[in-house]
Amino acid sequence: MATSVASGSGQLRFKDTIYKGHSCRQAYSVHNISVTKCTQKELSWSNGVSKGVRINKSNEFHPQSKQDYRERIVGIKSCLRDGYNKYFDFAVIGSGVAGLRYALEVAKHGTVAVITKAEPHESNTQYAQGGVSAVLCPSDSVESHMQDTIVAGAHLCDEETVRVVCTEGPERIRELIAMGASFDHGEDGNLHLAREGGHSHHRIVHAADMTGREIERALLEAVKKDHNIFMFEHHFALDLLTSQDGSETVCHGVDTLNTETQEVVRFMSKVTLLASGGAGHIYPSTTNPPVATGDGIAMAHRADAVISNMEFVQFHPTALADEGLPIKPKEPRENAFLITEAVRGDGGILYNLSKERFMPTYDQRAELAPRDVVARSIDDQLKKRNEKYVLLDISHKPRDEILTHFPNIARECLQHGLDITRDPIPVVPAAHYMCGGVRAGLQGETDVRGLYVAGEAACTGLHGANRLASNSLLEALVFARRAVSPSVDHMRNSSSRPDRGATRWWARPVPPRSLGGGALSNIVKRTREVRKELQLIMWEYVGIVRSTIRLENAEKRIGELELEWEAYLFQHGWEPTMVGMEACEMRNLFCCAKLVVSSALARHESRGLHYTVDFPQLEESMRLPTVIFPASPVNSSWSSRQLHRQQIL
């Protein structure tokens with residue numbers, strides 16, 4: 001890969017850039033420092049606008065109306081079962097808030113496949129506790145929300161993106177309410193607005209401490225009622241199907257693995273939306289669900305999409321520390337239990353184990369400082385005192401208020417012998433959110449034609465170097481909606497989808513049925529061990545506080561571990577086009593871990609979530625995004641190449 005960090009005069013420099021068929025906007029004039037040689041083109045947050053797939057073949061399976069759909073439903077279902085090739089106008093990878101909200105809109109214009117790795121509700125959205133930030137109070141303003149976002153993002157945010165999201169956010173909330181999402185209201189009948197760290201006003205719309213779950217419920221109910229949307233559960237996305245049109249990469253769909261039948265299913269589509277979430281499981285402790293293995297980011301990178309700002313990994317300061325619970329969980333958690341930012345926003349205080357309040361000594365905003373500040377402060381306390389966790393105390397608030405605002409947290413803690421209305425909560429930082437991802441323009445477009453991105457998998461420029469609390473669901477809602485119009489235009493301007501013969505353009509991945517049971521069992525076992533080794537390397541060397549030598553060690557050790565693992569696979573009969581759940585998740589984890597390390601090494605300053613002891617100060621000349629360009633597949637690893645581009649051994 002080729003990693004570049006923009007450098008300049010200390011001022012963000014802009015120039016006019018015009019894209020045919022789309023509105024003009026300003027773009028960074030980036031002067032890149034290349035770590036490795038590659039062909040680079042000037043990028044902006046708007047670059048790579050989709051122009052439509054130019055394929056001149058007959059249209060098929062494209063119902064023009066609900067009546068057409070009903071008349072063809074028997075044929076469609078037969079098609080879906082035949083040959084494991086499926087044809088849709090839109091393919092949506094991921095079933096969180098971004099994917100579902102987008103699907104509901106584009107379904108008004110064509111057929112939609114929603115491809116989800118596990119159960120439809122199993123996404124990062126489901127685990128979002130705090131809420132959605134939006135300007136809904138008369139005393140609040142878009143300018144204030146923008147300022148809070150930019151300050152939290154260490155002034156690396158794209159101002160135009162911030163303005164768009166903060167301006168359009170309130171309408172997106174109203175749309176959710178109209179769809180049936182139920183949020184908490186105050187005694188005056190108005191929405192109850194909470195406040196969280198980094199926010200200057202009360203602007204967090206929430207449903208107790210289970211906001212994501214409520215939004216997911218409302219969206220899934222709407223999706224179930226839409227006859228143009230097909231939900232494909234337990235379909236693990238493997239790689240995007242791409243081709244070259246001159247110098248441009250074009251996306252035609254995605255290969256998936258049905259993890260229940262172990263069959264490869266190919267989805268051909270005119271438009272593909274990546275809404276697959278983040279990569280929290282590159283670390284050993286994360287609040288993300290098990291499905292968050294960076295699949296979308298890795299697939300996009302292998303498909304030559306530009307990746308940006310991967311060094312900015314947000315560690316949530318307050319995940320439940322099981323070691324501090326009176327009754328320990330019987331089994332290790334697959335993902336850490338989140339203690340929402342809203343607890344501190346409601347007056348929660350952080351103490352060390354000597355009952356000393358420590359946040360005011362680190363930042364004048366104390367517990368209401370942005371997450372990067374609080375996480376580093378806790379990390380410093382733990383290292384200085386050689387302790388495993390700190391304490392978050394909300395017990396000084398009225399009991400009824402605590403139980404009303406945080407019923408899910410109270411219930412979880414009580415199961416382990418802790419009453420949060422009387423005792424402090426043991427907490428520790430855990431990997432939580434990727435501020436970087438697939439570089440996207442203002443309409444969710446990428447530089448791969450026909451590929452759009454929204455949600456945590458995207459890097460829109462909103463978060464900069466650190467995400468402001470409760471801006472993630474907001475961003476997902478806004479960009480899912482903004483991606484609809486260009487997606488529909490792209491679908492209509494594409495003269496047709498590739499016909500059935502086009503599926504032969506790409507070699508089909510194969511499940512490892514030819515391997516003996518013993519060989520496959522050994523591969524799975526070794527892969528799980530390698531996964532833990534990678535996670536420990538990332539936590540030890542690429543955690544909350546970093547250094548150049550530790551990042552270089554991480555780069556070296558990850559490279560060696562990846563080569564050793566791939567050698568083990570191939571020595572035991574694995575072939576380059578073989579696919580399995582554990583192995584393909586592992587290749588995505590390797591890919592994302594390398595992207596994080598490469599980006600971190602390229603940023604020679606401390607900004608937001610990226611703190612390095614070798615460059616502890618902000619450098620104004622570095623106040624531009626990190627950009628990772630596509631690299632030549634020659635001599636690259638198995639994890640870095642698309643399955644249909646694999647070298648035959």
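The following questions and answers concern strands, backbone angles, cysteines and salt bridges in a predicted model.

Reader: On what basis are residues numbered and features accepted?
Author: Residues are numbered from 1 along each chain as its sequence is written, and side-chain values use heavy atoms, with hydrogens and water left out. Since the model is predicted, local features need pLDDT of at least 70, totals for chains, interfaces and linings use all residues, and side-chain atom pairs count only at pLDDT 80 or more.

Reader: Which strands stand at the edges of the open sheet of four strands?
Author: Helices (H or I, at least four residues) and strands (E, at least two) are DSSP runs, numbered from the N terminus, and two strands pair if DSSP finds at least two bridges between them. The order is E15-E18-E17-E16, with antiparallel pairing. Each edge strand has a single partner strand, so one side of each is left without a neighbour in the sheet; these are E15 (313–320) and E16 (349–351).

Reader: Which residue in E18 stands opposite Leu-391?
Author: Strand E17 (residues 390–393) pairs with strand E18 (residues 425–434) in the antiparallel sense over three bridges. Opposite Leu-391 in E18 stands Pro-426.

Reader: What is the relative accessible area of Lys-355?
Author: Most residues other than glycine have a negative phi. Lys-355, however, has a positive phi near 65° and is placed in the loop between E16 and helix H8 (371–385). Buried means under 20% relative accessible area, exposed over 50%, and partly exposed in between (1.4 Å probe, protein chains only). Lys-355 is exposed, its relative accessible area being 56%.

Reader: How far from Cys-592 is the nearest cysteine sulfur?
Author: A disulfide is a pair of cysteine sulfur atoms within 2.5 Å, and by this rule the count comes to zero. Cys-592 is buried, with a relative accessible area of 0%. Cys-592 is in no disulfide, and the nearest cysteine sulfur, that of Cys-591, lies at 5.5 Å.

Reader: How many residues apart are Glu-585 and Lys-117?
Author: A salt bridge is a side-chain nitrogen of Lys or Arg within 4 Å of a carboxyl oxygen of Asp or Glu, and Glu-585 and Lys-117 meet in one at 2.7 Å, N to O. Glu-585 lies in helix H15 (residues 581–602) and Lys-117 in the loop between strand E6 (112–115) and strand E7 (132–133). Glu-585 is buried at 8% relative accessible area, and Lys-117 also counts as buried at 11%. The pair links distant parts of the chain, 468 residues apart.
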